Amino acid sequence: MPVPDSLIEYPVEFPIKVMGPTHIDFAATIVQVVQKHDAGFHEGKMEVRPSAKGNYTGLTCTVRATSREQLDALYTELSGHPMVKIVM
């Protein structure tokens with residue numbers, strides 16, 4: 001029996017968590033990055049959570065994933081962004 005390339009069945013609504021130091025433009029910047037990979041993404045598909053001390057902001061972005069390549073490209077761009085500390 002062949003092993004599937006992915007355990008994810010596409011298309012799917014897929015949550016991506018992004019954390020970075022709190023900055024007034026953090027959420028808007030991340031929305032712009034995500035929209036390059038999911039044109040239908042908007043702020044309404046994002047949860048914002050400040051850390052307990054307010055030094056960091058956590059975002060959960062629910063994207064419409066259509067392929068592993070799309071998700072890999074999005075993770076790569078987010079991980080390399082100077083405002084981002086962690087992508088999960």
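User: In what order do the four strands stand in the open sheet?
Analyst: The model is predicted. Its four strands form an open sheet, and the pairing is antiparallel. The order is β2-β3-β1-β4.

User: Which strands stand at the edges of the sheet?
Analyst: An edge strand has a single partner strand, so one side of it is left without a neighbour in the sheet. That holds for β2 and for residues 86-87, which form β4. The edge strands are β2 and β4.

User: Which strands does α1 touch where it packs on the sheet, and what angle does its direction make with that of β3?
Analyst: α1 packs on the sheet through contacts with β1, β2 and β3. Its direction and that of β3 make an angle of about 20 degrees.

User: Which strands does α2 touch, and what angle does its direction make with that of β1?
Analyst: α2 also packs on the sheet. It touches β1, β3 and β4. The angle between its direction and that of β1 is about 10 degrees.

User: How many bridges join β1 to β3?
Analyst: β1 and β3 run antiparallel. One opposite pair is P15 in front of T62 of β3. Another places G20 opposite T57 of β3. The bridges between β1 and β3 number ten.

User: Over how many bridges do β2 and β3 pair?
Analyst: The sense of this pairing is antiparallel. In β3, L59 stands opposite V48, and T60 stands opposite E47. P50 faces T57 of β3. The β2 and β3 pairing runs over five bridges.

User: Which residue in the turn of the β2 and β3 hairpin has a positive phi?
Analyst: The hairpin leaves five residues between β2 and β3. One residue in the turn has a phi of about 80 degrees. That residue is G54.

User: Which residue is the bridge partner of V18 in β4?
Analyst: β1 and β4 pair in the antiparallel sense. They do so over two bridges. The partner of V18 in β4 is V87.

User: Why is β3 described as largely enclosed by the rest of the structure?
Analyst: Burial here means under 20% relative accessible area. β3 has ten residues. It is largely enclosed because the number of them that are buried is seven.

User: How far apart are the end C-alpha atoms of helix α1?
Analyst: Helix α1 covers residues 26-37, twelve residues in total. At 1.5 Å a residue, the helix should span 16 Å. The model agrees with that estimate, since the end C-alpha atoms are apart by 18 Å.

User: Which elements do the buried residues of α1 pack against?
Analyst: The buried residues of α1 are F26, T29, I30, V31, V33, V34 and H37. An α-helix has 3.6 residues a turn, so residues three or four places apart point the same way. The buried residues of α1 pack against β1, β2, β3 and α2.

User: How are α1 and α2 oriented to each other, roughly parallel or roughly antiparallel?
Analyst: The two helices pack at an angle of about 155 degrees, with their axes 9 Å apart. Their crossing is right-handed. Angles over 145 degrees count as roughly antiparallel. α1 and α2 are therefore roughly antiparallel.

User: Which residues in α2 meet α1?
Analyst: From α1 the residues involved are I30, V33, V34, K36 and H37. Of these, I30, V33, V34 and H37 are also among the buried residues of α1. Their counterparts in α2 are Q70, A73, L74, E77 and L78.

User: How far apart in space are F14 and T66, C-alpha to C-alpha?
Analyst: F14 lies in strand β1. Among the residues it touches are C61, V63, L71 and Y75. F14 and T66 are 52 residues apart in sequence. In space, the C-alpha to C-alpha distance between F14 and T66 is 9.7 Å.

User: Where is the peptide bond to P11, and is it cis or trans?
Analyst: P11 sits in the segment before β1. The bond runs from Y10 to P11, with omega near -5 degrees. The bond is cis.

User: Which pattern does the protein follow along the sequence?
Analyst: The secondary structure comes to two helices and four strands. Read along the sequence, they give the pattern β-α-β-β-α-β.

Methods: Residues are numbered from 1 along each chain as its sequence is written. This is a predicted model: local features need pLDDT of at least 70, side-chain atom pairs count only at pLDDT 80 or more; totals for chains, interfaces and linings use all residues. Side-chain values use heavy atoms; hydrogens and water are left out. The expected span of a helix is 1.5 Å times one less than its number of residues. Buried means under 20% relative accessible area, exposed over 50%, partly exposed in between (1.4 Å probe, protein chains only). Contact means heavy atoms within 4.5 Å. Two strands pair if DSSP finds at least two bridges between them. Axes are lines fitted to C-alpha atoms, for helices over the stretch in contact, and angles run from 0 to 180 degrees between N-to-C directions. Angles under 35 degrees count as roughly parallel, over 145 as roughly antiparallel, 65 to 115 as roughly perpendicular and the rest as oblique. A crossing is left-handed if the near helix is turned anticlockwise from the far one by less than a right angle, and right-handed if clockwise.
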